[in-house]
Amino acid sequence: MAEFTMELNDEQKEVRDWLHGFAADVIRPAAAEWDEREETPWPVIQEAAKVGIYSLDFYAQQYFDSTGLGIPMAMEELFWGDAGIALSIVGTGLAAVGVLANGTEEQIGTWIPQMYGDPDDVKVAAFCSSEPDAGSDVGSLRTRAVYDEAKDEWVINGTKTWATNGGIANVHVVVASVDPELGSKGHASFIVPPNTAGLAQGQKFKKHGIRASHTAEVILDNVRVPGSCLLGGKEKLDERLARARERATKGGERVKNAAMATFEASRPAVGAMAVGTARAAYEVALDYAKTREQFGRPIIDNQGVAFQLADMRTQIDAARLLVWRASWMAVNGRPFTAAEGSMSKLFASETAKKVTAQAIQILGGNGYTREYPVERMHRDAAIYTIFEGTSEIQRLVIARTISGTPIR
Ligand SMILES: Cc1cc2nc3c(=O)[nH]c(=O)nc-3n(C[C@H](O)[C@H](O)[C@H](O)COP(=O)(O)OP(=O)(O)OC[C@H]3O[C@@H](n4cnc5c(N)ncnc54)[C@H](O)[C@@H]3O)c2cc1C
């Protein structure tokens with residue numbers, strides 16, 4: 001087990017500087033254009049693939065870094081560049097992690113390369129869990145997967161929504177219920193291979209922020225996938241369902257805790273994205289406050305402005321520390337006795353919303369225009385308190401964990 005450290009090692013610093021260079025030279029200059037176009041920035045993803053940032057190798061290297069700092073460091077730098085473009089670059093990784101965490105070696109080897117494609121022909125992947133009537137309440141999802149034993153195929157029907165890269169992905173990972181009576185314990189994940197009949201993109205959403213990231217409904221109409229597309233395999237699923245049915249009679253506590261641990265482990269990554277956006281807006285505001293003059297002096301000479309910047313920086317650093325701690329705990333299998341993963345995501349996402357709003361205020365009229373990036377950063381920051389569990393859901397998880405009470 002690695003000791004918790006707040007210092008990046010030399011190798012991590014090198015990777016951070018390399019990512020920062022890409023974010024500053026490639027992502028940042030493209031941000032306004034793709035935000036206006038509201039389209040997936042394929043050329044930027046391709047650039048990222050050419051230098052090795054858009055690849056499973058890179059993602060896995062950070063994911064398995066035992067210090068826990070690899071993923072938060074990478075997310076912070078890329079999202080510092082631009083949130084919408086960065087989500088287009090890391091969105092595939094989020095789907096790939098679903099396969100890495102639950103898939104067999106054969107599934108990992110078969111499907112993850114197809115999620116990324118290659119630098120001359122890049123592809124993306126989508127993770128489809130949310131539904132129109134199952135957002136925060138993930139247990140209530142209605143998409144059904146039924147096993148057709150004669151053909152060794154699963155038949156999937158349902159409507160997914162809010163899927164990042166939904167419909168444009170080469171590979172979709174779809175969460176469906178195989179046993180509705182078990183609620184979330186009866187869920188399983190399936191690979192839907194490229195060009196599978198019955199999968200179609202529904203509405204593409206026009207969004208407030210992260211507009212370079214494609215978000216859409218995914219319709220599954222009698223989608224048939226081979227038995228080998230069930231992540232983890234049928235034997236493992238049958239065993240898990242049998243255990244869940246047995247525990248359902250005893251309250252099901254252990255299964256619920258396993259699902260909780262997965263979320264706790266993935267939430268710090270979203271917290272790190274929020275830290276990246278917050279830091280970007282803070283830096284713009286700090287520079288501006290030092291150079292903009294009113295009443296014959298730089299506006300930072302006023303405590304009213306300087307104290308805002310002091311608060312912004314304090315909150316960003318506090319958010320990063322919570323994120324790093326939770327990420328270290330996740331990688332090293334530490335128990336989340338106070339929902340530290342949710343805590344990090346809650347604090348970092350609320351910080352990003354607050355700090356980007358303060359940045360607009362410090363830039364005055366300029367902050368309110370698209371001539372300056374803080375307006376876009378503020379729109380982008382609003383997503384962090386919504387996806388991967390809203391702030392209210394994070395508070396619910398933390399409150400339940402610290403109290404041991406099923407607070408509603
Ligand atoms: C841009 C974007 C990208 C996304 N990408 C993906 C993706 O790739 N894959 C995917 O599966 N999903 C994705 N999502 C879905 C996202 O995870 C959900 O939007 C989120 O979980 C909230 O669900 P909801 O929108 O249905 O809101 P609801 O659950 O309807 O919540 C509405 C409001 O009610 C509050 N609320 C709900 N229940 C409670 C409660 N018990 N106590 C207190 N308050 C409560 C919420 O906090 C929120 O403020 C994405 C969403 C967006 C906007």
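Biologist: Which residues does UniProt list for "domain: Acyl-CoA dehydrogenase/oxidase N-terminal", and what share of that span is helix?

Modeller: The unreviewed UniProt entry lists residues 9-115 for this domain, and what I can add comes from a predicted model. In that model the end C-alpha atoms of residues 9-115 lie 31 Å apart. Strand makes up 0% of the span, while the helix share is 83%.

Biologist: In which sense do strands β5 and β9 pair, and over how many bridges?

Modeller: Strand β5 covers residues 153-164 and strand β9 covers residues 215-226. One of the contacts can be located by residue, since the bridge partner of Trp 154 in β9 is Val 225. The two strands run in the antiparallel sense, and their pairing extends over nine bridges.

Biologist: Which residue in β9 stands opposite Leu 199?

Modeller: Strand β8, residues 199-204, also pairs with β9 in the antiparallel sense, here over four bridges. Within β9, the residue standing opposite Leu 199 is Leu 220.

Biologist: Is Asn 165, in the loop between β5 and β6, buried or exposed?

Modeller: Asn 165 is a residue other than glycine with a positive phi, near 70 degrees, and the strand β6 that follows its loop spans residues 171-177. A residue counts as buried once 20 or more other C-beta atoms lie within 10 Å of its own. Because Asn 165 has 28 such atoms within 10 Å, it is buried.

Biologist: What is the phi of Ala 339?

Modeller: Ala 339 is found in the loop between α9 (303-331) and α10 (340-367). With 24 C-beta neighbours inside 10 Å, Ala 339 counts as buried. Its phi is positive although the residue is not glycine, with a value near 55 degrees.

Key. Residues numbered from 1 in each chain as written. Predicted model: local features only at pLDDT ≥ 70, side-chain atom pairs only at ≥ 80, totals over all residues. Pairing = 2+ DSSP bridges. UniProt positions renumbered as here; feature names shortened; annotations may be inferred. Buried ≥ 20, exposed ≤ 12 C-beta atoms within 10 Å, placed from the backbone.
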